[in-house]
Amino acid sequence: MAYPRIASLKTHDDFLAHLRENHIEIPSDAEVQSGDDSPLAQSFDVHNFRVGNRWSILPMEGWDGTTDGAPTDLTRRRWRNFGLSGAKLIWGGEAVAVRHDGRANPNQLLLTEENLSAIASLREDLIDEHESHFSTSDDLLIGLQLTHSGRFSRPNVKSITEPRTVQRNEVLDRRVKITDDSAIFTDDELQTLIDDFIAAAVRAEKAGFQFVDVKHCHGYLGHEILAGRERPGKFGGSFENRTRFLRDIVSGIDAATNNMQVGVRLSLFDFLPYHPGPDRTGEPEPGGEPNKVFGGGDDGLTVEMSETSKLIDVMHEIGIRMICTTAGSPYTNPHIQRPAFFPPSDGYLPPEDPLVGVARQIAAVAEMKQKHPEMVFIGSGYTYLQDYLPNVGQAVVKSGMADSIGLGRMVLSYPDLPADVTAGTVWQRKKVCRTFSDCTTAPRNGIISGCYPLDPFYKKRDERKQLNDLKKAMQA
């Protein structure tokens, strides 16, 4: 089924008409306010810190660090763009591995003692850039995302998976070539990994970060543990056991640091893995196991967040106050995680209007915010809204459906979007991300990530020709 491109909806009325005709519920304001009175310009408080506005930058992976896990000039450019964006909450900045075997690619940042000063300098670069464009950085909250990529680890060679996981999964094992139980972490190995997360948080505090994100999303290790209902031992089976990994990390960080706060990027819900059907449209892959889906219904294809809500209660009990929301996994069901018109090279055509995926995430966050008003929720999935992102973001914040609007892919093409919206600057349509998915296709094929279609910097690089040649070969 064909869906209209957002760019073809020339006016806000056209956008609203499309939503109505297709029974898609997304709030959207006709006029976007600017200046100090704008809903998106309002501050909010968390952990006794006043965050200066309602924009957040979501963590991404650039595939552009050194093989030792230190940042390069390309990494620095991206972080400087985070600083000039005008967003006052930098959620993690980048997915940073706590140890080598948990790197999602051989060029992912790695938080070792040897890399500590270099990673600390990323934060300093971001602050310097922010202060050069805005009046103060006193209301700028910067964290660092800590991760182990679990079954999606590729620490040594870009094309070779070296998965570590917590349970068997018929479809996912097949994808990453797991054929026996040797890839499964033992309880003792998970206990060691907990210590590695704690040690990384200590380093992050030394580097000046105000919080760390203990990543529990997108099918990576922390997320998969939450769905480990069939795993034996103290980290699987019961809900208490499946949340032990997070609880032990947080208690360890509390004991080992002076004032390091913890947030969690969480997939609120998940679906079964999808794959391309006969016409390349996404469909559930045969062999999926609904019992290994966290936040899904009995069929593995619907949203059911009773355990998600229960987990958020646990988070509040152990001192967590911030949740950066997302859904699903970019590897298994990207249409629910980052809705797009154009799939990446290894993806599938959207099985639904991508706006349905946007609406699903907005509704899920709103439901959790209503049930847990004491928590701060950062929303995501907004990039597909394109020209109407500010309209929807303003409506969501104004109505209390989320506390902050997160930007991921959009900030690669249009990093100064928050500043432009707040200042009332003319909307720069030529910089708006159209979800071409090149920023995903590139790293899936071992090329550094960036916005090759729209960012003049990446347009000029040799990798653009390499990417275009690759895409032509795939289409041949």
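**Note on the predicted model: strand pairing, salt bridges and surface features**

1. In strand S11, methionine 322 is the bridge partner of glycine 263. This pairing belongs to a predicted model, and the remarks below should be read accordingly. Strands S8 and S11 (residues 322-326) run parallel to one another and are joined by five bridges.

2. Strand S8 also pairs with strand S7 (residues 211-214), again in the parallel sense, through three bridges. Here valine 212 has valine 262 of S8 as its bridge partner. Strand S8 spans residues 261-267, and six of its seven residues are buried, so the rest of the structure largely encloses this strand.

3. The salt bridges deserve separate comment. The model contains 35 of them. In general terms, side chains of opposite charge can pair when their charged atoms come close. Three of these pairs are described in the points that follow.

4. One salt bridge is formed by aspartate 173 and arginine 151, with 2.9 Å between the closest N and O atoms. Because aspartate 173 belongs to helix H4 (residues 170-176) and arginine 151 to the loop between S6 and H4, the pair ties together parts that lie 22 residues apart in sequence. Both aspartate 173 and arginine 151 are buried.

5. Helix H4 takes part in another salt bridge, between arginine 175 and glutamate 285, where the closest N and O atoms are 2.5 Å apart. This pair links distant parts of the chain, 110 residues apart: arginine 175 is in helix H4, while glutamate 285 is in the loop between strand S10 (282-284) and helix H9 (306-317). Are the two partners buried or exposed? Arginine 175 is partly exposed, at 28% relative accessible area, whereas glutamate 285 is buried, at 12%.

6. Aspartate 387 and arginine 434 meet through their side chains in a salt bridge of 2.7 Å, N to O. Distant parts of the chain are again linked, 47 residues apart: aspartate 387 is placed in the loop between strand S12 (376-379) and helix H12 (389-398), and arginine 434 in the loop between helix H14 (417-423) and helix H15 (438-444). Aspartate 387 has a relative accessible area of 10% and is therefore buried; arginine 434, with 14%, is buried as well.

7. Some salt bridges share partners. Through such sharing, Arg151, Arg168, Asp173, Asp181 and Glu224 are joined into one network.

8. On the surface, a patch of negative charge is made up of Glu124, Asp128, Glu131 and Asp138. Aspartate 138 is situated in the loop between helix H3 (116-133) and strand S6 (141-147). Its relative accessibility of 65% is the reason why aspartate 138 counts as exposed.

9. Two residues merit a check of backbone geometry. Most residues other than glycine have a negative phi. Histidine 23, although not a glycine, has a positive phi of about 55°. Histidine 23 is located in the loop between helix H1 (12-21) and strand S1 (44-46), and with a relative accessible area of 73% this histidine is exposed.

10. Lysine 177 likewise is not a glycine, yet has a positive phi, of about 65°. Lysine 177 is found in the loop that connects H4 and helix H5 (187-206). With a relative accessible area of 69%, lysine 177 is exposed.

Definitions and conventions. Residues numbered from 1 in each chain as written. Predicted model: local features only at pLDDT ≥ 70, side-chain atom pairs only at ≥ 80, totals over all residues. Heavy atoms only, no water. Patch = residues over 30% accessible without salt bridge, like charges linked within 9 Å, V, L, I, M, F, W, Y side chains within 5 Å. Areas by Shrake-Rupley, 256 points an atom, 1.4 Å probe, with all protein chains shown as cover. Salt bridge = Lys/Arg side-chain N within 4 Å of Asp/Glu carboxyl O. Lys, Arg positive; Asp, Glu negative; His and termini not counted. Charge placed at Lys NZ, Arg CZ, Asp CG, Glu CD. Helix = DSSP H or I, 4+ residues; strand = E, 2+ residues; numbered from the N terminus. Buried < 20%, exposed > 50% of the residue type's maximum accessible area, 1.4 Å probe, protein only. Pairing = 2+ DSSP bridges.
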